Amino acid sequence: MDASTAPHRIPPEMPQYGEANHIFELMQNMLEQLLIHQPEDPIPFMIQHLRRDNDNVPRIVILGPPASGKTTIAMWLCKHLNSNLLTLESLVLNEFSYTAADARRLYLQRKVVPSALLVQLIQERLAKEDCVKRGWILDGIPETREQALRIQTLGIAPRHVIMLSAPDTVLIERNLGKRIDPQTGEIYHTTFDWPPESETQNRLMVPEGISELETAQKLLEYHRNIVRIIPSYPKILKVISADQPCVDVFYQALTYVQSNHRTNAPFTPRVLLLGPVGSGKSLQAALLAQKYRLVNVPDSLLVKVLSQRLDQQDCIQRGWVLHGFPRDLDQAHLLNSLGYNPNRVFFLNVPFESIMERLTLRRTDPVTGERYHLMYKPPPTMEIQARLLQNPKDSEERVKLKMDLFYRNAADLEQLYESAITLNGDQDPYTVFEYIESGIINPLPKKIP
């Protein structure tokens, strides 16, 4: 664009299209792949990358000390996400790889695989079609900083890294009871996770290297290496305590790997705040407008005037926050048909009793115009209290009527706005604001099946 013609009038449809189709992220991913692989002819490479359509497949690394449960979590994630589990053993036992045959001989002799050879195995495996299409989960790899750097040098970049953590005393106790099913590879424990079937119990085996001394030595080596691996993943690593039920660890890991990281994509907030009368929508809208310079659009505007307001340049450039509108499904469809699609929707939930307490106890001093609340901000004298008046709209009957009207339409609105975030509005307003702020500046979480 010619800078001399600034300010540029950007049609509102352009940023909406870019956000809806993740154009910025798409171009960023293509540029990364071009710089990593440096193909002689970039055009066919980019076409092939777009056809592959695998930017969002799982690319996960799970790290953790011995007996932290990382293999169990990796296996559960693999099943849930329909992805491919890569372990040292599975890489070495690959019957269709000449590199794996060399690695097998070294592994049988020394119980270790040289870093260069291991990374070569990983590169070969990740190039297979199933890993390209369905992604991958690396279990316990990398083990050293050298491996981490070699993997990065090849352009192999995980999207999520999980590090399990637990006290050494817990890990040693846990390791002593570990048992393995040789048929399925499932891991069990004599105390915490014993299989109910007698057939499975009878075939369980005690793995090698789980004595207290051997576990302590492995933990010492792990701690020495992990502090040098962590800096390789500064923005994508999440630490999860493994000293809790395995199911809880799994769901925390699943929630994390299904989340999206913040990007540098330009983002113009278009925010809807929905909730019953008295839920605090107006206050939250004012706080958002104050901090992020969003245009605070009141719900009192008629649709025609509202359309004209949202088309103004400040709304297009800075974004907007709309509260109390739409009130029903017809208004929501009308808003969408006019091209004003919100990219963040929040429902503020407040119990009936709290709303009645907030609204029906409000009073106004007709002499000074000062506003009071009989519970939260009582008048300073009996004289002032005697002359206070209640606004007719704050009467119990009017408040009940408005709440009934909102909840009658709320289910339809929740169904329309599937990605809406529901918040507890019955807490400190600034706590509510922090949750809303987090929901705006961070990518929307994926829905867990």
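## Exercises on helix packing, cores and backbone geometry

In α14, L283, Q284, L287, L288, K291 and Y292 meet P429, Y430, V432, F433, I436, E437, I440 and I441 of α21, where contact means heavy atoms within 4.5 Å. The model is predicted: local features need pLDDT of at least 70, side-chain atom pairs count only at pLDDT 80 or more, and totals for chains, interfaces and linings use all residues. Residues are numbered from 1 along each chain as its sequence is written, and side-chain values use heavy atoms, with hydrogens and water left out.

**Exercise 1.** Determine which residue classes make up the contact of α14 with α21, and how the two helices are oriented.

*Solution.*
1. The contact has eleven nonpolar, one polar and two charged residues; Ala, Val, Leu, Ile, Met, Phe, Trp, Tyr, Cys and Pro count as nonpolar, Asp, Glu, Lys and Arg as charged, and the others, Gly among them, as polar.
2. The axes of α14 (residues 281–292) and α21 (residues 429–441) come within 10 Å and cross at roughly 55°.
3. Angles under 35 degrees count as roughly parallel, over 145 as roughly antiparallel, 65 to 115 as roughly perpendicular and the rest as oblique; α14 and α21 are therefore oblique to each other.

**Exercise 2.** Classify the packing of α17 and α20 by angle, and name the residues that meet.

*Solution.*
1. Helix α17 (residues 329–337) packs on helix α20 (residues 396–416) at an angle of about 30°, with axes 9 Å apart.
2. The pair is therefore roughly parallel.
3. From α17, L329, A332, H333 and N336 meet D412, L413 and L416 of α20.
4. This contact comprises four nonpolar, two polar and one charged residues.

**Exercise 3.** Locate the two cis peptide bonds that precede P142 and P326.

*Solution.*
1. The bond from I141 to P142 is cis, with omega near 10°, and P142 lies in the loop between β3 (136–139) and α9 (145–153).
2. The bond from F325 to P326 is also cis, with omega near 5°; P326 is in the loop between β10 (320–323) and α17.

**Exercise 4.** Q38 and A67 have positive phi although neither is a glycine; decide whether each is buried or exposed.

*Solution.*
1. Q38, with phi of about 45°, sits in the loop between α2 (23–37) and α3 (42–52).
2. A relative accessible area of 63% makes Q38 exposed (buried means under 20%, exposed over 50%, partly exposed in between; 1.4 Å probe, protein chains only).
3. A67, with phi of about 70°, is in the loop between β1 (59–63) and α4 (70–81).
4. At 8% relative accessible area, A67 is buried.

Definitions and conventions: Axes are lines fitted to C-alpha atoms, for helices over the stretch in contact, and angles run from 0 to 180 degrees between N-to-C directions. Helices (H or I, at least four residues) and strands (E, at least two) are DSSP runs, numbered from the N terminus.
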